[in-house]
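Reader: I am new to this one. Please show me the structure, and then let me ask how its labels are earned.

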Amino acid sequence: MCGIIGYTGGEEAVPIIIDGLKRLEYRGYDSAGIACQCDAKVEVRRCKGKISELDSQLSDFSGSSSTAIGHTRWATHGKPSEENAHPHRSDGIVIVHNGIIENYIELKQQLEGEGYVFTSETDTEVICHLIKKHSEDKSLTEALMEAIRSVRGAYAIAAMSEKEPGRIVAARKDSPLVAGIGDGECFVASDIPAFLAHTRKVVFMEDGEMAVLSPEGIEFLSLEGKPIQKETVTIDWNAAMAEKGGYRHFMLKEIFEQPRSVADTITGRLLSHRTGEINLEEFGLEDQQLRTLEKVTIVACGTSWHAGLFGKYIIERFARIPVEVDIASEFRYRGPILQDNSLFVSITQSGETADTLAAQRLAQAQGTKTLSICNVVGSTASREADAVFFTRSGPEIGVASTKAFTAQIVALYLFSVALGRAKGALDEDGARDLINDLLTVADLMEQTLLSDPEIKGIAKELHKNKAFLFLGRSLQFPIALEGALKLKEISYIHAEGYAAGEMKHGPIALIDDGYPVVVCAPKDDLYEKVVSNIQEIRSRGGTIILITNESNKAHAAGISDYVITVPDCPTHIMPIITAVPMQLLSYHIGVFLGCDVDQPRNLAKSVTVE
Ligand code: M6R
C-alpha cells in the first residue's frame, strides 16, 4: 500500500524522487505527489493518476531542490483525487504517510475546534496539523515525536519543514520503512528498489523508531528521543534486477525468470546432493525441533496462501504429520488453537502483509515457534520470525505474483523432505530421490516456457470470454486456485478455482455452450477421475483447455478443445511446472484485453493495512 521516498543530498532531488516513485508504483498507483525544498520554501505538486502524470505536470517546474519527499497512493480514506493525494501540508510542514490512523476522526474534530482547516478526506492530514501545532516551539523531530504520541494505528511517515532546510524526519509503526546511505546523500523509502540505483547500503527501521536525515548522514532515535545504534546492511540485489530487461512487462519477465529463481531457492540448501540431506540451518531449525514436531500451521494471504495449500499436501505426503492451512485474516480472529510441539509457518513474498504479520505475532504470543518463508530480505516478517527461509527470487515488481509463488512451493518442498527425514517418514534413498527430482525443475521450466507462443495463440482465441472455471485435484488443486486468481487479477475476467471433485456439487451449473474450463490434469493416479469431470463438462457444451504432460498428449487431444503440454515429470514436482502455463495464459489474456497487467486496477503489491 502506498509508496514513500525521501531524498536529501547534493543532487537534484526531483528526478531521484520521480524515479524512486516509479519503482514503488507497484505499491499503489491512484494518485501521486512530491514536495521539494526550494530556497526557504517547500513546493508541493500532486495529481490524480500514475507517476507519469505527475512527471508531466512537473515539466514546468524550474526550481532547484536537493531535498524532497514523494508519495504514490493506494486510496484508503477518500477517493483518488488531487486533494487527497500526498504530500499534505499545514503551513510550512509537509508530510507523506503510509498506513491508517484509526483515531483520526476524534483528532480531526479536536483540531478543527482549534481552528485547523482540513482540505482532504484523508486520515493523514491530522498528522500534518498535529506536527504543525507542536512545531511552534519545537524542532521538526520533536514535533513529529509529539504528534505520533496522539495517533493510534499504522504509519510510515516522512516529514519536512520550511524552517529546517536539508532535513527529513521519518517514523515507523506497522508500515515498512528503510533508510539508504549514499555518499553525501541519504534516502528513506517504503522499499529498497526505490533507491537501489543510488546505494545498496541500507538500514531497516523497526517499529517505534525515527530517523533524522541530512546529507551528512542519518541519526536514528527512539520515540523518546534516545539515539539508537543501527546496523547497516549491504544488499546483494542490483538495480538491473528491478528493471524490465527488454520484456514488455515485469510480469512476463518474472515468469521467464522462474528457472533461475527456483534454482536460486535450491542453491546452498542441500548438505549433499548424493544423500539429499537438507541444510536445516538454512531454515533456522534444528533436527531435534523437527523430530518432536506434531503439527504444522501454515498461514498466508492470496497467492502465498495457495502455496501454503500445496505445502499441506506435500508435507502430509512426505512427513506424515498433520498440516493446517489458513487465510491470515481468518486465522487471526478465530481464536486459533496452537498446540504444543507445533510450528507456525507464515508465507509471504513481501514480508509486510498486515494480516500475515498479525497472525505470526499471535502465534509468537502463544509461545509457538515461527518460521517465515519470505522473499524480501529485511522485511518485518523475516525479522520478527524465530526462523526464516528466504526464497531468493529477487525483487518481484509485477503486482500479480509469479516467480515468488513457484519459489515458495520449492521452499515448502524442501521443508517437507527435511521434515520427512527428521520424522522418519522418509528414508535416505527416498529423500535423495525426491531431491534429485527437484533438481530437474529449472530445466523442466525452461522447456515449458517454450510453449509460450502456443499459449498466446490459445489466449487470443479465448480472451473474449466473460468467465472461466479452473479445476485441479490433489497437488494440482492449489494450482487451479492460483490460475483463477491470476486471471481475475490481471484481466478482470471472473474466474473460479475449484477442486475437480467438487464440480458436481455446484459449479457444474455454470457450464453452458462454450464455457471455458481450464483443467490441470497430468497423467497421475487421479487422472481418470478428472477425465470423468471433463466428460461431464463436454456433454454440457463446455470448452476444455487441458494442461497435461507431454506423453499424455494424444489422449488429452481426444477429450479437449485445447491441449497445453508440459514435460513429463513426477507428480510431486508437476505443480511447479503446471503453474507456468497458468501464468502465461492469464498474462496473454490480460494483454489481449488491453489491461495493465503489471499494475491491475484496485490492487497493491503489499497489503500493509487490514
Ligand atoms: O506479500 P505476500 O505474499 O504476503 O502477499 C500476499 C497477497 O497479497 C498476494 O499474494 C496477492 O494475492 C497477489 N496480488 C497475488 O498475485
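Author: What follows is a set of short questions and answers on the terms used here. This is a predicted model, in which local features need pLDDT of at least 70 and side-chain atom pairs count only at pLDDT 80 or more, while totals for chains, interfaces and linings use all residues. Residues are numbered from 1 along each chain as its sequence is written, and side-chain values use heavy atoms, with hydrogens and water left out.

Reader: Why is T391 called buried?

Author: Buried means under 20% relative accessible area, exposed over 50%, and partly exposed in between (1.4 Å probe, protein chains only). T391 has a relative accessible area of 2%, so T391 is buried. Its place is in the loop between β21 (387-390) and α13 (403-423). Helices (H or I, at least four residues) and strands (E, at least two) are DSSP runs, numbered from the N terminus.

Reader: What does T391 touch?

Author: Contact means heavy atoms within 4.5 Å. Leaving out residues up to four places away in sequence, T391 touches S261, T265, I373, C374, N375, A407, Q408 and A411.

Reader: Is E482 buried or exposed, and how do you know?

Author: E482 has 4% relative accessibility, so E482 counts as buried. The residue lies in helix α17. Beyond four places in sequence, E482 touches T303, H306, S401 and F405. E482 and G497 are 15 residues apart in sequence, and 7.4 Å apart in space from C-alpha to C-alpha.

Reader: Which residues come nearest to the ligand?

Author: A residue is near a molecule if one of its heavy atoms lies within 4 Å of it. There are 14 residues around the ligand, and S304, Q349, S350, T353 and E489 come nearest. Helices α9 (302-319) and α17 (477-491) each supply at least two residues of this shell. α9 gives the most, with 3 residues.

Reader: What makes the pairing of T353 with the ligand a polar contact?

Author: A polar contact is a pair of N or O atoms within 3.5 Å; within protein, one must be able to donate a hydrogen and the other to accept it, and residues adjacent in sequence count only if both atoms are side-chain atoms. A polar side-chain atom of T353 lies 2.4 Å from an oxygen atom of the ligand. For Q349, a backbone N or O atom lies 2.7 Å from a ligand oxygen atom. For T303, a backbone N or O atom lies 3.1 Å from a ligand oxygen atom.
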